[in-house]
Amino acid sequence: MNKSLRITDGGHLLDSRTERFLPENFEFTSEQLFRARVVVTLCFAIAFFGPLYAAVVYFLTSSVGQAAAICVATVCVVSTPFMMRKGTSFVFLGNWLTLCGYGLILFLATQSLGQSVMMWQVVFAVLGGLIAGKRSAIFWVITMSITTAYFYLSMIASAPSEGLLFSELQILWEMILIIGMFAAIMVLTFSYEGVKDWALDQVRKKEAQTRAILDAAPDGIITLSSDGRVAGFNPAAEALFQYQTGSAEWAPFSVLVPGIEKAPAEAVDPEIEELADGKVFDIEERQSSGPGGLDAWVGSARETEAIRKGGERFPAEVSVTRIEDDDRFVAVLRDITERKEAQRELREARDKAVEANEAKSRFLANISHELRTPLNAVIGYSELVCDDLEDLDQPEIRSDVQKIGVAGKHLLTLINEILDLAKVESG
């Protein structure tokens, strides 16, 4: 059975006692949990007060039979939680408890205690409604009303003739009072069941809505107890950590996320994630030795390392939130392996781009240097040829040679500018 549906906080005494008597591998609804608490609470109360009441009755009446009957009824009532652990339905349990009380009251009413104990039937009628449900409550209210009327009418029939009118009025008034109490219990039972069904219907709708959100969530969502233990997984968390439902429940959350015991790592901008020497910041190195725990991790999402069932480690983004008005937590986890891989690929691509740019700059610097030498020679020879052609009085040829020199100087200027640019890029 899913323990997350069975208890709300293991620290409560009633919850821990109820937990011991719940059957294994059985799904309980919130309504059934309420009935289970009523059964356990009633049985613990009867186990304490039953022997005490038997001792008082024996002291007042010196009747061993009445005291023994109370003890027998107490044992029968106390056996109810053990019957519940065997998987007995609450309808049977509620009727069994009511029958035990009803039988005891009838026995005591026929003894020296008389009709004064008949009013205690009201208590068992209420318990029958709380545990067994509305139909059983109505059945017992009608049965107890008929029994009460029969008992009081029998008293009137067997009353002495002297003062009969006063006795009849007194007995009838007491009978009407008790039966009226039964009628009030019936009305309250109908009202209670109606309000309870409406409230439970609203709770079921909210639970269904919450469950649908949890089931559809792409991120792993884990509910945690106040002491940091796993209380429940959603399907995404099961797939993320490769645990089946219930197999990791009540294990420490640190089994899944070891870094939760340390202080959260300081956030690092991915653009400056590398140190000057090229070493990448490690998550473990960024986690300080300060106090850790769930309280330290409450807030925005933080990066850490998680462990799957088979021992495989993977980077994860964890966001922890405390549930309002409760001591429990909710942890949302996301596998960021692809993000880390993308960041690594981006860094590698950036490094390659920088390296290629540096290679380009070196190439341009080298080729520029290699081109300047022959260009200077071309420009120099063109100037010498121009001087010789001027002496030979060859203006047409000299004009063409000058164009070669101008073109060479222009090309040399471009090469010098490329060389300057390459120097700037290379730092």
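The protein has 13 helices and five strands; helices (H or I, at least four residues) and strands (E, at least two) are DSSP runs, numbered from the N terminus. This is a predicted model, where local features need pLDDT of at least 70 and side-chain atom pairs count only at pLDDT 80 or more, while totals for chains, interfaces and linings use all residues. Residues are numbered from 1 along each chain as its sequence is written, and side-chain values use heavy atoms, leaving out hydrogens and water.

Start with the overall picture. Of the 427 residues in the protein, 35% are buried, where buried means under 20% relative accessible area (1.4 Å probe, protein chains only). The accessible surface comes to about 25000 Å², and carbon and sulfur atoms account for 63% of that; the areas come from the Shrake-Rupley method with a 1.4 Å probe, and for residues only the protein chains shown count as cover. As for contacts (heavy atoms within 4.5 Å), take those between residues at least 6 apart in sequence: 57% of them join residues at least 24 apart.

Now the strands. They form an open sheet of five in the order 2-1-5-4-3, with antiparallel pairing; two strands pair if DSSP finds at least two bridges between them. At the edges sit strand 2 (230–233) and strand 3 (302–307), each pairing on one side only. From one strand to the next, the twist averages 35 degrees. Inside the sheet, strand 4 (residues 313–322) and strand 5 (residues 329–335) run antiparallel, joined by seven bridges. One bridge to look up is Arg322, whose partner in strand 5 is Phe329.

Helix 12 (residues 337–391) lies across strand 3, strand 4 and strand 5, and runs at about 125 degrees to strand 4. Axes here are lines fitted to C-alpha atoms, for helices over the stretch in contact, and angles run from 0 to 180 degrees between N-to-C directions.

Helix 5 (residues 90–109) has 20 residues and reaches 28 Å from its first C-alpha to its last, close to the 28 Å expected at 1.5 Å a residue; the expected span is 1.5 Å times one less than the number of residues. Its buried residues include Phe90, Leu97, Cys100, Tyr102 and Leu108.

That cysteine leads to a last point: why does the structure hold zero disulfides? A disulfide here is a pair of cysteine sulfur atoms within 2.5 Å. The sulfur of Cys100 is 4.7 Å from the closest cysteine sulfur, in Cys76, so that pair is too far for a bond. For Cys43, the closest cysteine sulfur is in Cys100, at 9.3 Å, again too far. Cys43 is buried, with a relative accessible area of 3%, and Cys100 is buried at 11%.

Technical notes: Buried < 20%, exposed > 50% of the residue type's maximum accessible area, 1.4 Å probe, protein only.
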